[in-house]
Amino acid sequence: MGKGRFQSGRFSAGRFNAGRFADAVGAVGPSYVVSITGLTSSPTHGPSAQIGVELTAVASGWSEAPPASVTYTWNNIVGVPTGTGNANYTPGAGDDLAAISVTATPADTYAPRTSASYVVRYAPPVAAGGLADQSYDTGSGDQTVNASTDFTGDDITYSVSTTIPGVTINSGTGVVTIPTGSDASGTITVTGTNSGGADSTAFSVVIDAAATAPVLSGLDASGAPDALELDVDIASNLYWSLDPVGTNPDGDTIVAGGITDSGGPDAISAGANVIAFDFSAIAAGTYDLSFVASNGGVLSNVLRQEITLSAAATVPATMSAPTVTQTGSTSISVDLAAAPDDGGSSITSYDLRWQPDGGPWTEVTGISDPEAISGLTASTLYNVQTRAVNAVGQGAWSASGSDTTAAGGVTYSDDFTSDTSASYTSGNGTMTYNSSDDTLEYTLGDGWTGITTPEITTVDAQSYTITIEAQMLFGDGGAGNPGSSVMGEFIVGTTAGAGNILGSSTDRFYGDGDGFGPVMTLTQTVAASGTAMHITIRSRAGTAGKKFAVHSILVEPA
């Protein structure tokens, strides 16, 4: 470089500002940041400037005092900025795919700076997915579907994908052309694309020979509504209607509505079909039951059959209250009232439930008439309700029948703590009260002989448990030997001397080898008929002088 071309005057201190030159090349000096707000972002393209969305230039982060003003210059745009210092710009269609940025020029000592650049794009298209599926007759010519109606967005280019042969699309208008020269079926997918992204929509197409009308025949409604029979020549969808007789002479309300009841479509197979209906909600009466079949919208002939509907069966009516009778202190008997109206379906069984008055209910199903209830509490009022059952279900519970069980507790007892021998009767032996042992002793006579309790009159028709404590004195059998020649038992009867036997003890009391037997407890449960009861404790004589002692007698409801 010659000396004449480099003049110190042109590169003097007055023309060369060290601060601005240092800022422009990134040297140390006043600094700040230039950015753009209003950008959009997508997973595909990241931050972008979207056409139609206003952008704003922002200078911030001043390292020294902020300048009095900033002027902005938008780079690589076709439109006109707006706002103070041209800070705002809205990209238009002409900016599509341009990489725009903004340069800030502060009024003071700061050097100009330029932001990062961003590509301008359209908002990506959005497909609603609302295109209807299509069905065409084979040979019906080219068919078209305007797929653009399903898209929202600008500057969209359309493409198509399908396995159906010959399908094309106009990339600008989105109109799909579908040839129908041969049978085919499949899914047509249309994709809309612009600078912002892409989206797709799809619809199915079936191209088939023109549908033929089904033919209905063989209507047999004799088994309706449970088993109506109907024939059809091809698989179809079946519609039906039920109308009061004469209100639908031509069957046109089968599909159109305005009828008492209707149904379908129900798929039926070619050939004979058995169909069941639920007309339980329809009032009893005479109706026309009409049918029509549809094959791809082509309707068959109409078949009609007059049927009579009876009133639907219901559960049985409520029974009258049962008759309840106490049969002792722990049991009652229940007699059912007359059978109620069966509701149009035969009564199959009866149930009852019972409760101690105010207590919880206990339910018993499939009962007899009369029905016995046992295991109850004495002197307690019991309520009983009944209901009838048929195939439809269970009737309502009846009003209550009630009765109170007999008084319970001990019916008879004697522990011989006092001399009660005068109330007892003896056989051909001798009865003696032993005050030192509190026992009633009996010296045996000939044969089976013993002592008999006084008449026990507080007896109901129920079971009683009888417990006797007795001891053989001067026995001659081995210990635990019921086969001894001298052993004792008790018997229970309804007359004095325990005649008309109700039962007897299965255990025995007997002596042991040293002549005395242990005090033994004999227990037996017997069923009383409601009359008086007598108990005889007896033994069979062995040698003279043999005797036994009774320690206690207890009779109580079982």
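Here is a short chat about one sheet and a few backbone oddities in this model.

Me: What kind of model is this, and how are its residues numbered?
Reply: It's a predicted model, where local features need pLDDT of at least 70, side-chain atom pairs count only at pLDDT 80 or more, and totals for chains, interfaces and linings use all residues. Residues are numbered from 1 along each chain as its sequence is written, and side-chain values use heavy atoms, with hydrogens and water left out.

Me: What makes β27 and β28 a pair?
Reply: Two strands (DSSP runs of E, at least two residues, numbered from the N terminus) pair if DSSP finds at least two bridges between them. β27 and β28 (residues 332–335) have 4 bridges, in the antiparallel sense, so they pair by that definition. One bridge joins Val 324 to Val 334 in β28.

Me: Why are β27 and β31 called edge strands?
Reply: The open sheet runs β27-β28-β31, and β27 (323–326) and β31 (371–373) each pair on one side only.

Me: Why is Leu 97 called exposed?
Reply: Exposed means over 50% relative accessible area, buried under 20%, and partly exposed in between (1.4 Å probe, protein chains only). Leu 97 has 53%, so it counts as exposed. Leu 97 also has a positive phi of about 70°, and sits in the loop between β6 (88–89) and β7 (99–106).

Me: And what makes Asp 438 partly exposed?
Reply: Its relative accessible area is 28%, so Asp 438 is partly exposed. Phi of Asp 438 is positive too, near 55°.

Me: How do you know that the peptide bond from Asp 369 to Pro 370 is cis?
Reply: Its omega is near 5°. Pro 370 lies in the loop between β30 (362–365) and β31. Most peptide bonds are trans.
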